[in-house]
Amino acid sequence: MPVVFSPGEPETRPLEPDAIVYTTAQKVADLLGIGPSEAVLASADTVANAVFVTGADYRSHGFSTGDIILVYSDAYPIGFTAEITTIVSGGNNGVKLNLKDINSSGSATIATHVDLTDVAVADNTYIQNQAAFTNGKTSGMKRSVVETRIKEVQDRIDNITHNAWRPYLVSAEYLNFDTYKPYRRRYYTDYVGTVPLLFRNVQQMLRIELWQGDDYREVCGAEIRLKFDDVSSLSGKKIALGLQNGHAAVLEAGTGTTKWRGEIDAISTAQNFTDLINKEDRVSKAAVNFLSDQTDVATTFTLEGSTSPVAVHNEFLASANTDYGTGVVKLTSMRQGKAGEKCSIALNTDDVSITKASTVAATTTGVYASNVINVDSTEGFLESGVGSVGGTTAGLRAIFSYTGKSATQFTGVKTIAVTATGGLSADAIGTSVKQHQFGLSLQGGSGDQARLKDWWIDYEMGIIYFNNSYPFFEHNAVKVSYIYGERYLEKAIEEAATKMVAADLLLSDDRSVLIPEGSQNVDLGAKIQLFRKEAEELLVRYKEVVVFS
């Protein structure tokens, strides 16, 4: 069995496999009646936005980023609570726990709300972690163990119910297309045919590929295709992806978790590039963030409801499948429909060819200066994105990103990859500027997703209705990618998950003494059985049943 192999499409799995969704460690602790850990004495006086504990207490009680702590003293008995933001060494003072402002006002500090002289060492200042489970070295059942059990239970519930209360990614689902009636729209129907998906509760369609007899036509996610040819000189070459807001992500050939390897053959190179785009855990690939300035890693951006920077795997989906040809990668935007046509791609090598893209070009009229590139016309270029400038010889083309344009200028230009002669400023007047834009193959009217145009979907039932665009009448004629899952986590699912985790913890509670055996009315063995029985009863009504008639 080879070490490197090409599975083609990723398997169906949670969009964020490591996310804790169905319950939390604290909810499990509340069910079991486990309180917070003991308070410890501060090792130094409280400062504006931080408290100090001894190294021994830090290791024993397992203070972690994101924990909520209670700080109180003899002089300030009511105390205050705050969230730990970072943990650093405090030198002779011990371990410094940096805190978020207690009233989330942003610029204010703890000193604004609390007299720091009241929470000094002399006043017996105590610090108590409000989390019942921590990652302390001597705390018995660790939070990491509890969270591992939660992840296992989440998968178990999804398998039992054949449904999900978190986003799941289906990367490749092959479906047959048949209208079961003469090809034309009839009374009571405004579609040619339908395709039911394997899963209901669709959150977003990512791809709908229609087999046309010799190739797939994409009518959902804007696409481009990369074909890797000669891979002998790809080391160090870069491929840049641009978004409409001017941020760009750079994918460089090389070794490491944030790079793609192009050194063996076209097939394995295409697969490794795909693995980086998808942040494939199978080969330990890491996230590549979008930046507004490639020289400053802090210039990321986040979306509403998230605290993590937007990365390539959040915006694009890649496939290296023989459906498209040897050494070919299909890359699609995860922004549905025409929104994906605002994405662009640029590269500084001629050993990778691009198809299924709209390519626009211009000619430079002035050298790069003051973050500006002067050209004869910017017509057809996106308002912001990425592009390349330079000759056609491999290695002599530079890549840049820009945030705006006028009729004859690209503005807000940032260098991504320089030319062999030293950068954009060395490019002579009269060289070519190119941009490859993602594209769709729609034809219904002006082309779009709508009930009277190409296609539309019943999201709850998971049924696609085809109108002006449709595939051949063949088996496996439709290939789809989508995200499904319930958008609301029902309290019954939360309760079932909490009780299943609690039963697992009690079952393995031989050494940590999570709950001491004493004079309780129900012994631990009976509690395990009761928790499991109640969880099973809760999940019965959520089981999806497929009926064939």
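A polar contact here is a pair of N or O atoms within 3.5 Å, where one can donate a hydrogen and the other can accept it. Keep that in mind for the close-ups below, which are all taken from a predicted model.

**Figure 1. Thr125 and its two backbone oxygen partners.** Thr125 sits in the loop between helix 3 (110-113) and strand 8 (126-129). A polar atom of the Thr125 side chain lies 2.7 Å from the backbone oxygen of Ala120. The backbone oxygen of Val119 also has a polar atom of that side chain 3.3 Å away. With a relative accessible area of 2%, Thr125 is buried. Setting aside neighbours within four places in sequence, its contacts are Val40, Leu41, Ala42, Thr46, Val71, Tyr72, Ser73, Val119 and Ala120. Thr125 and Ala75 are 50 residues apart along the chain, yet their C-alpha atoms are separated by 8.6 Å.

**Figure 2. Asp123, in the loop between helix 3 and strand 8.** Buried or partly exposed? Asp123 has 21% relative accessibility, and buried means under 20%, so Asp123 counts as partly exposed. Beyond its neighbours within four places in sequence, Asp123 touches Ser73, Asp74, Ala75, Thr117 and Asp118. Tyr76 is 47 residues from Asp123 in sequence, with 8.5 Å between the two C-alpha atoms.

**Figure 3. Ser64, in the loop between helix 2 (55-61) and strand 5 (68-72).** Ser64 comes in at 16% relative accessibility, so it counts as buried. A polar atom of the Ser64 side chain lies 3.3 Å from the backbone oxygen of Gly62. Leaving out neighbours within four places in sequence, Ser64 is in contact with Ile84, Ile87, Asn135 and Arg143.

**Figure 4. Helix 1 crossing helix 7.** Here we look at helix 1 (residues 25-32) and helix 7 (residues 491-507), whose axes come within 9 Å and cross at roughly 70 degrees. That crossing makes helix 1 roughly perpendicular to helix 7. On the helix 1 side, the residues involved are Lys27, Val28, Leu31 and Leu32; they meet Glu494, Thr498, Lys499, Val501, Ala502, Leu505 and Leu506 in helix 7. Sort the residues of this contact by class and you get seven nonpolar, one polar and three charged.

**Figure 5. Helix 5 and its surroundings.** How many of the twelve residues of helix 5 are buried? Eleven of them are, so helix 5 is largely enclosed by the rest of the structure. The buried set consists of Ala266, Ser268, Thr269, Ala270, Gln271, Asn272, Phe273, Thr274, Asp275, Leu276 and Ile277. These residues pack against a mix of elements: strand 13 (223-228), strand 14 (238-242), strand 15 (248-252), helix 6 (312-315), strand 16 (316-319) and strand 17 (328-333).

**Figure 6. The two ends of helix 5.** At the start of helix 5, Asp265 has a side-chain oxygen that reaches to within 3.0 Å of the backbone nitrogen of Ile267. Just after helix 5, Lys279 takes a positive phi of about 50 degrees. As for length, helix 5 (residues 266-277) should span 16 Å at 1.5 Å a residue, and its end C-alpha atoms are 17 Å apart, which agrees.

**Figure 7. Two loop residues with positive phi.** Lys356 is found in the loop between strand 19 (352-355) and strand 20 (357-369). Its phi is near 60 degrees, a positive value in a residue other than glycine. Lys356 has a relative accessible area of 39%, so it is partly exposed. Asn476 belongs to the loop between strand 29 (463-466) and strand 30 (478-484). Phi of Asn476 is near 55 degrees, again positive in a residue other than glycine. At 40% relative accessibility, Asn476 counts as partly exposed.

**Figure 8. Ser406, in the loop between strand 24 (404-405) and strand 25 (409-411).** Ser406 has a relative accessible area of 33% and is partly exposed. Glu379 is 27 residues from Ser406 in sequence, and their C-alpha atoms are 9.2 Å apart in space.

**Figure 9. Stepping back to the whole protein.** The secondary structure comes to eight helices and 30 strands. Of the 549 residues, 47% are buried. Among contacts with a separation of 6 or more, 69% are between residues 24 or more positions apart.

How values were computed
Residues numbered from 1 in each chain as written. Predicted model: local features only at pLDDT ≥ 70, side-chain atom pairs only at ≥ 80, totals over all residues. Heavy atoms only, no water. Axes fitted to C-alpha atoms, helices over the stretch in contact; angles between N-to-C directions. Helix = DSSP H or I, 4+ residues; strand = E, 2+ residues; numbered from the N terminus. Parallel < 35°, antiparallel > 145°, perpendicular 65-115°, else oblique. Contact = heavy atoms within 4.5 Å. Nonpolar A, V, L, I, M, F, W, Y, C, P; charged D, E, K, R; others polar. Expected span 1.5 Å × (residues − 1). Buried < 20%, exposed > 50% of the residue type's maximum accessible area, 1.4 Å probe, protein only.
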